[in-house]
Structures are given as structure tokens and as C-alpha cells.
Amino acid sequence: MKLAVVGTGYVGLVAGACFAESGNDVICVDNNSAKIRMLQKGKVPIYEPGLEELVRRNVQEGRLTFSTALPKAVRDSQIIFIAVGTPQDEDGSADLQHVLSVARDIAKAMNGYKVIVDKSTVPVGTSRKVHDVVRRETTHPFSVVSNPEFLKQGAAIEDFMKPDRVVIGAEDQRATDLMLELYSPFTRTGAPIMVMDCASAELSKYAANAMLATRISFMNEVANLCEAVGGDVDHVRKAIGSDRRIGTSFLFPGCGYGGSCFPKDVQAMIRFAADGGYQFRILQSVEDVNKKQKTQLFTKMKKQLGSLKGKTIAVWGLSFKPKTDDMREAPSIPLIESLVAAGARVQAYDPEATSVAKGIFGDRISYAASNYDALKGADALVIVTEWNEFRRPDFSRMRTLMRAPVVFDGRNLFTPDQMKQSGFSYYSIGR
Ligand code: NAD
């Protein structure tokens with residue numbers, strides 16, 4: 001099939017490369033010409049495991065091309081995906097300007113029947129808005145489909161190639177049949193393709209992210225409760241996770257969720273619920289708990305270390321989660337800002353996100369070449385992201401590098417017993 005994907009970010013680039021990998025001809029379009037030039041040279045501007053190889057292979061085999069020219073991509077394609085950003089507006093709602101402007105540009109370039117697929121995360125009713133925008137600009141026939149994306153950064157290719165399910169919101173059979181044909185190679189293992197109305201498809205994406213964010217905030221509250229009244233959140237987590245009705249995933253407490261999706265999608269859902277006359281009370285709490293949780297590490301550090309002025313603090317992990325360089329809404333940002341404001345010297349290390357971090361903090365902090373390098377002369381270490389390489393460090397080497405053996409662990413990578421035996425003062429979450 002001939003496809004265009006507009007927006008070559010985490011979602012669009014992965015989707016484009018994976019569709020090409022399954023034999024389709026894909027043109028990826030972006031209005032960021034520097035990004036397109038890089039991709040044309042076979043360089044991937046983001047860190048996502050396996051993506052560069054996948055892109056290179058499909059470019060070499062001629063199935064994947066990159067362009068800034070949207071009209072030609074539209075003319076040459078049967079199905080056009082919109083995968084541009086839907087950032088948070090000032091009032092928390094999803095900003096649809098990029099989605100609607102791409103829809104308008106697609107309409108202007110149409111030369112026959114097209115399926116216009118919204119892959120960006122958008123509030124209920126957006127497919128109707130896209131439909132209206134396109135209808136105003138063209139007399140050609142078209143269908144609008146809502147096909148939300150559920151991939152996780154860090155495992156995006158695996159998630160796209162072997163999805164748990166594919167959700168398709170479509171209002172007509174012609175578009176439904178084309179979408180079923182397109183996705184059939186990805187669901188051979190038996191994952192369902194769920195066809196539904198567009199509103200349900202749009203809402204499914206928000207409900208999934210909101211549920212996951214709710215589990216995280218719930219467990220963070222349980223952890224805080226352990227600290228207040230006693231109990232070890234790790235035991236509690238295992239005890240409740242073994243109940244099959246609950247399950248084990250997304251029960252890890254930490255220093256707050258971040259990323260480009262959960263914070264903005266929770267906000268947007270609160271907003272479009274309110275616009276529809278419904279007050280989604282749980283989600284407001286999920287959001288409030290998360291904001292507070294992002295301050296927990298700093299509060300603990302102040303309590304244990306007293307004044308932070310002039311102290312050297314090592315930070316392990318800057319990205320919002322492991323296996324990505326993405327720092328959008330990362331808990332490391334408010335933590336480091338608080339440390340710097342309190343007069344601490346921050347020495348940070350992240351395996352992938354250092355160059356992104358330089359754009360945020362500039363020379364207000366220093367960037368270490370390795371996790372051990374970050375520990376030199378440190379009065380304390382704070383762990384913010386659970387990169388695998390932080391899980392089994394050489395504790396005696398750490399102790400000799402640090403000025404004081406103090407660890408604040410926002411991800412519960414170690415056990416309190418293990419840290420005591422290794423000679424550290426250790427402060428984690430909910431234990
Ligand atoms: P991103 O910011 O990484 O990428 C968006 C891309 O769109 C950028 O390259 C930008 O240059 C391009 N763009 C913006 N306006 C454009 C225009 N008018 N014409 C052409 N290109 C344009 O965003 P992302 O993380 O890939 O997310 C895209 C959408 O998918 C969002 O709605 C997001 O909520 C959703 N989503 C993201 C994830 C994720 O893990 N990142 C997962 C599922 C869904």
C-alpha cells in the first residue's frame with residue numbers, strides 16, 4: 001500500500017518505519033527541514049532502540065523516503081496518517097492547531113479518494129473537526145479514521161510490530177477494509193483489531209493513559225502512607241500484584257511520572273470532560289498527587305542533609321524513563337531546578353539524555369561522562385531514572401569516590417538491607 005505519515009517524531013517515525021518494514025511504500029513528511037535532511041542521510045534524530053537500523057534498512061530497500069513536501073506525499077498516497085504533536089495548551093487542553101492545519105493541507109492537495117488517519121492523541125470529537133476542515137477544502141471523497149497509538153518509548157518498535165491490540169475508529173466500510181488490510185501483518189499472533197466509532201477510539205487512548213497514571217499515583221500514595229504509618233511498599237506491591245484481578249504491572253512507586261504523554265493526556269482528559277459538563281474527580285487527584293510526588297526527593301534531601309548550599313549532588317538519570325533521551329516533563333527537571341536554586345552543585349549523568357539536558361540546564365550544572373564520574377566528591381547521590389546500568393553498581397568504588405556515602409533513591413533500585421551492609425545511608429520511596 002502507498003502511505004504518507006505526517007510528523008516524524010517518536011510516533012510518526014516509528015509508525016512509518018514499521019509500515020515500510022511490512023512491505024508498504026511510505027513517505028514520511030515533516031515541516032522541520034533539518035530533521036528531514038538528517039533522516040535523508042540515514043540519521044535518526046531521537047534515541048529509540050533499534051530505530052536507526054530499521055530506518056536505514058527500509059531507506060536502502062527503497063520503501064521509506066523522507067520529505068518536507070506534503071502535497072506530493074498526499075497525491076502519491078492512499079492512506080495519510082497525521083502523527084504531529086498535540087501539546088498541552090495553557091488551560092491544559094490538547095492543542096489541535098498542528099493536527100487541523102495538517103488536515104487542511106492534506107485536503108488542499110487531494111487528487112482522489114483518501115483515508116485520513118488521526119494517529120495523534122486527540123480529544124473526543126476531533127475526527128469530526130478534521131472531517132469538517134477537510135470537507136471545506138475539497139470535493140474529493142475521503143474518510144476520516146481514528147487510530148490511536150499505544151506504543152511505549154523505549155520499546156516502541158516491539159510495541160508497534162506486536163501490538164496488544166489495534167484500535168480503529170471508522171465510520172464507513174471502505175476505510176475500515178483498508179485499515180484492516182494495512183494492519184493484518186501486525187496482528188498475525190492473534191492480537192485483536194478492534195473496530196469502533198471514532199469517539200470511542202479517541203477516548204480509548206486517553207482512558208488507557210489515565211488508568212496507567214492512576215495506578216502510578218495510587219502506588220505513590222501507598223508508598224507515602226508506608227512512610228507515615230509503617231510498612232514496606234515493596235512487600236505491599238508484591239502482595240497486591242499477585243492478585244490476578246490487579247496484576248503486577250505499573251505498581252512501582254517512584255518520584256512521579258513524566259514524559260510527553262501521561263501528564264498532558266491526564267490534563268487534557270480533565271479538560272475535555274469538563275467541557276462536556278463532567279467533572280472527572282479521580283484524575284484531578286492523580287495529577288495533584290503526581291505534582292507533589294515530584295517534590296518528594298528534594299524534601300527528603302533537605303531533611304537529611306540540611307542546607308544544600310555548596311554541597312555537591314550527583315544525579316543518576318535525566319530522561320523521564322530508561323531507554324529514551326526524552327526529558328519532557330521528566331522528574332529530574334524540577335528536582336535539579338530545586339537543587340540549583342538551593343545553591344547545590346549538580347553533577348549529572350544519563351546514558352542518552354545529556355545533550356537534551358544541556359539544552360535545558362546549560363552550564364548551570366555539570367555533565368559527567370559516566371555514572372561513577374558523577375560521584376566524584378559528591379555529598380550525596382540521587383537516583384531519578386531506573387536505567388539498567390544503575391542496578392548493579394560497584395558499591396565500594398562508589399564509596400571511595402563520594403565525599404559521603406549517602407544515596408536518595410527515587411526508583412527503589414536497591415534494598416535497604418543491601419545498602420546498610422554496603423555502608424550507605426539510604427533513603428528510598430515507601431520503605
Ligand atoms: P513529537 O513532538 O516527537 O513529533 C511531532 C512531529 O510533528 C515533529 O517532528 C514536528 O516537527 C512535526 N510537525 C508538527 N507540525 C507539523 C506540520 N504542520 N507538518 C508536518 N510536521 C509537523 O511527538 P510524538 O511524541 O511523536 O507524538 C505525536 C502524537 O502521538 C501526540 O499526539 C502524542 O500524544 C501521541 N503519542 C505519543 C506517544 C509517545 O510515546 N511519544 C505514544 C502514543 C501517542
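**Notebook: helix faces, ligand shell and loop residues**

I began with helix α6 and looked up its buried positions, which are T126, S127, V130, V133 and V134. I viewed these down the axis of α6: the buried residues fall within an arc of 125 degrees, so they line one face of the helix. I recalled that an α-helix has 3.6 residues a turn, so residues three or four places apart point the same way. I note here that the model is a predicted one.

I then checked the length of α6, which runs over residues 126–137. Its twelve residues reach 17 Å from the first C-alpha to the last, close to the 16 Å expected at 1.5 Å a residue.

**Helix α12**

I repeated the procedure for α12, residues 281–293. At 1.5 Å a residue its 13 residues should span 18 Å, and I found the end C-alpha atoms 19 Å apart, which agrees. I listed L283, V286, E287, V289, N290 and Q293 as buried in α12. Seen down the axis, the buried residues of α12 fall within an arc of 165 degrees, so they too line one face of the helix. On the face turned away from that buried side I found the exposed residues R281, K291 and K292.

**Helix α9**

I turned to α9, which has 32 residues, 198–229. The expected span at 1.5 Å a residue is 46 Å, and the end C-alpha atoms of α9 are 46 Å apart, in agreement. I looked at what comes after α9 and found G230, with a positive phi near 105 degrees.

**Ligand shell**

Which residues come nearest to the ligand? Among the 27 residues around the ligand, I recorded D30, K35, T86, Q153 and K264 as the nearest. By class, I entered the shell as eight nonpolar, 13 polar and six charged residues.

I looked up which helices contribute to this shell. Both α1 (10–21) and α5 (97–109) supply at least two residues each. The helix that gives the most is α5, with three residues.

I next examined distances to oxygen atoms of the ligand. For K264, a polar side-chain atom lies 2.6 Å from a ligand oxygen. For V11, a backbone N or O atom lies 2.9 Å from a ligand oxygen. For R328, a polar side-chain atom lies 3.3 Å from a ligand oxygen. I then checked how much of the ligand is covered: on its own the ligand has 830 Å² of accessible area, and the protein covers 88% of this.

**Loop residues**

I located E149 in the loop between β6 (142–146) and α7 (156–161). Is E149 buried or exposed? I found E149 buried, with a relative accessible area of 10%. The side chain of E149 reaches the backbone nitrogen of L151 at 2.9 Å.

I also looked up E329, a residue with a positive phi of about 60 degrees although it is not a glycine. E329 sits in the loop between β9 (312–316) and α14 (332–341). Its relative accessible area is 42%, and I therefore entered E329 as partly exposed.

My last entry concerns N412, which is not a glycine and yet has a positive phi, about 50 degrees. I placed N412 in the loop between β13 (406–409) and α17 (416–421). With a relative accessible area of 14%, N412 is buried.

Note on methods: Residues are numbered from 1 along each chain as its sequence is written. This is a predicted model: local features need pLDDT of at least 70, side-chain atom pairs count only at pLDDT 80 or more; totals for chains, interfaces and linings use all residues. Side-chain values use heavy atoms; hydrogens and water are left out. A residue is near a molecule or strand if one of its heavy atoms lies within 4 Å of it. A polar contact is a pair of N or O atoms within 3.5 Å; within protein, one must be able to donate a hydrogen and the other to accept it, and residues adjacent in sequence count only if both atoms are side-chain atoms. Accessible areas come from the Shrake-Rupley method with a 1.4 Å probe; for residues, only the protein chains shown count as cover. Helices (H or I, at least four residues) and strands (E, at least two) are DSSP runs, numbered from the N terminus. Ala, Val, Leu, Ile, Met, Phe, Trp, Tyr, Cys and Pro count as nonpolar, Asp, Glu, Lys and Arg as charged, and the others, Gly among them, as polar. The expected span of a helix is 1.5 Å times one less than its number of residues. Buried means under 20% relative accessible area, exposed over 50%, partly exposed in between (1.4 Å probe, protein chains only). The arc is that of the directions from the helix axis to the C-beta atoms.
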